[in-house]
Amino acid sequence: MSRRAPFSAVVASEWTKLRSVRSTWWCTALYLAVVGTGGWFGAAITQSAPRADIAVSSALTGFGFGQVLVVVLGVLAVTAEFRTGMVLASLTAVPGRGRLLLAKTVVVATWTVVLTAVLAVFCWFAASRLTAVEGGVPLTDPGVLRQLGLQVAAATLTAVLAVGLGALLRSSAGALGTALGAVLVLPPVLAIVGSELSVRIARALPVFRVGDEAFFSVQTSWQSGLVVLGGWAAVAWVLGAVLLSRRDV
Amino acid sequence: MLAPVIELRGLTKRYRSRTAVDALTVTVEPGRVTGFLGPNGSGKTTTMRCVLGLTRPTEGTATVLGRPYRELPRPMRSVGALIDPRARHPGRTAYAHLLALAQSNALPRSRVDEVIELVGLDAVAHDRVRGFSLGMGQRLGIAGALLGDPDVLLLDEPVNGLDPEGIRWVRELLRALADEGRTVLVSSHLMSEMEDTADHLVVLGCGRLLADVPMADLLGAHSAVRVRSPQAPVLASALQRAGGRVELEIDGALRVEGLDCDQVGDVAFLAGVRVHELGRVTASLEAAYLELTGDDVEYRAAPL
């Protein structure tokens with residue numbers, strides 16, 4: 001009575017919420033389908049590659065578009081609460097709003113890690129079967145592991161960014177539009193424009209990453225790519241949490 | 001002395017140009033059903049949201065069991081709330097909705113089955129909430145409020161959309177909960193419903209407190225004696241001399257305030273006046289309420 005419910009209880013509750021709505025399963029199925037088929041085709045059209053990590057990189061191409069589903073999953077996990085009014089029941093049950101958002105983020109991020117890890121291994125499998133590389137494409141190759149690990153990290157940070165934007169903007173349309181604009185629409189447009197300024201802006205955007213590459217955007221090192229994406233995710237999440245705590249619902 | 005169960009002190013909520021709740025000071029006591037009455041837009045829901053920490057007051061405080069709601073460790077175990085019948089995801093089943101709420105407060109899964117049975121939703125527990133009628137939705141909301149077996153219940157318009165059988169069920173449930181010593185605050189604009197359910201009334205108008213009185217007092221203050229006599233003018237003056245306030249009713253009977261039935265009968269006897277009818281008329285809550293809120297209705301239809 002005098003102690004708060006453990007954080008794991010709030011996480012369990014958020015997992016029940018996530019798994020009990022259809023949109024979660026639509027996003028999951030589409031994510032698996034888009035990235036899976038993209039990976040298989042990406043590997044199939046890459047007949048040979050000079051190195052194992054380059055072969056895997058081609059097979060990861062499907063993540064370029066597939067991560068849209070991660071964005072939708074993360075945004076809807078938050079905005080559906082506001083759209084339906086469920087947030088009133090949620091915040092009455094868990095008045096610690098930062099705690100609630102953190103539990104939701106943990107659940108969405110964990111689900112993204114699991115799905116992305118499965119898909120990354122599938123993409124490796126496709127590359128190892130369909131792309132000829134001297135010496136094969138061993139999963140234990142450090143280059144291969146780095147590509148796959150970067151993919152899981154990038155997708156997970158994207159999920160956190162989506163959850164943060166959902167809490168910040170509260171509307172599905174607003175949050176989806178903002179997120180997709182920043183990760184998928186603006187980067188290629190700016191890359192095409194190609195002016196010094198547009199290139200600089202493109203580098204600062206949380207563009208989708210495919211392995212160690214920026215998808216359809218100005219290329220940056222994977223280190224700076226992750227820092228930019230992580231920075232956006234952190235800022236959006238913290239702002240979302242602060243506003244959620246301050247605003248009336 | 002225990003801390004008051006629900007205590008509002010100078011609670012004020014202002015939106016840009018509108019004051020929704022204006023310096024409300026009220027204490028809600030345990031062991032009885034407190035009815036929270038007011039016209040639409042009078043601030044009932046805003047007040048309840050402030051109590052639940054959903055809305056931040058502009059000034060003043062709202063505490064539950066001596067502390068702000070947000071500081072309650074496992075709120076559902078202390079306070080059960082029904083705020084909005086739409087506070088759920090339509091794509092979720094009733095069972096999943098209640099399970100998620102129960103888990104967040106570390107309540108056992110068995111409680112979910114118990115409340116589902118209690119509110120009579122067993123047959124539809126695994127259906128999506130989208131297809132629920134308003135009445136089933138209210139039952140689901142009440143199930144959510146009862147999950148933690150709380151000592152305090154805040155229910156905003158719980159009988160809205162219920163059929164007569166459902167209304168009776170809610171009334172009996174609230175009565176039983178109050179009789180167990182729990183604190184029940186229930187808002188409604190259905191005055192007739194309150195008359196049968198509430199022991200105490202808090203009446204709001206335009207965000208201000210209009211009355212905080214026992215139901216019996218409110219009704220008593222607006223009740224009178226009705227007496228009919230073929231010698232009405234004689235009786236009227238005799239009653240006035242005895243200290244009564246007398247009004248002539250449309251059918252020729254007298255309406256007397258300030259004297260009870262016995263006194264009116266005695267006055268008539270002493271005046272030698274024949275009496276054809278004598279009885280007490282209890283004001284309906286509706287009449288008492290309209291009198292209280294008459295000037296404080298925010299949204300009023302223009303006269304036709």
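Helix H8 of chain A, residues 172-193, has 22 residues, and at 1.5 Å a residue these should span 32 Å. The C-alpha atoms at its ends are 29 Å apart, which agrees with that expectation. The model is a predicted one, and the values given here are computed from it. H8(A) has a kink of about 50°, centred on A:Gly181. Just after the helix, A:Gly194 takes a positive phi of about 75°.

Which residues of H8(A) are buried? They are A:Ala175, A:Leu176, A:Thr178, A:Ala179, A:Val183, A:Leu184, A:Pro187 and A:Leu190. These buried residues pack against three helices of chain A, namely H4 (63-84), H7 (142-169) and H9 (196-203), and against strand S2 (213-214) of chain A.

Helix H4 of chain A also takes part in the contact with chain B. In that contact, 28 residues of chain A meet 32 residues of chain B. On the chain A side, the elements that give two or more residues are H1 (7-19), H4 and H5 (86-93) of chain A. The residues on this side comprise 16 nonpolar, seven polar and five charged ones.

Chain B holds an open sheet of three strands in the order S2-S1-S4, with antiparallel pairing. Its edge strands are S2 (19-28) and S4 (59-64) of chain B, each of which pairs on one side only. From one strand to the next, the twist averages 20°. Strand S1 (residues 6-14) of chain B pairs with S2(B) in the antiparallel sense over six bridges, and B:Ile6 stands opposite B:Val28 in S2(B). Helix H1 (residues 44-51) of chain B lies across S1, S2 and S4 of chain B and runs at about 120° to S1(B).

Another open sheet in chain B has six strands in the order S5-S6-S7-S3-S8-S9, and here the pairing is mixed. Strands S5 (79-82) and S9 (208-214) of chain B stand at the edges with a single partner strand each, so one side of each has no neighbour in the sheet. Neighbouring strands are turned by 15° against each other on average, direction ignored. At the S9 edge, strand S8 (residues 200-205) of chain B pairs with S9(B) in the antiparallel sense over six bridges. There, B:His200 has B:Pro214 in S9(B) as its bridge partner.

Which helices lie across strands of this sheet? H1(B) lies across S3 (33-37), S6 (152-156), S7 (183-188) and S8 of chain B, at about 145° to S6(B). Helix H11 (residues 285-293) of chain B lies across S3, S8 and S9 of chain B, running at about 35° to S8(B). H1(B) thus lies across strands of the three-stranded sheet and across strands of the six-stranded sheet.

Technical notes. Residues numbered from 1 in each chain as written. Chains lettered and ligands numbered in written order. Predicted model: local features only at pLDDT ≥ 70, side-chain atom pairs only at ≥ 80, totals over all residues. Pairing = 2+ DSSP bridges. Helix = DSSP H or I, 4+ residues; strand = E, 2+ residues; numbered from the N terminus. Axes fitted to C-alpha atoms, helices over the stretch in contact; angles between N-to-C directions. Contact = placed C-beta atoms within 7 Å. Expected span 1.5 Å × (residues − 1). Bend = angle between axes of the 7 residues up to and from the residue. Buried ≥ 20, exposed ≤ 12 C-beta atoms within 10 Å, placed from the backbone. Nonpolar A, V, L, I, M, F, W, Y, C, P; charged D, E, K, R; others polar.
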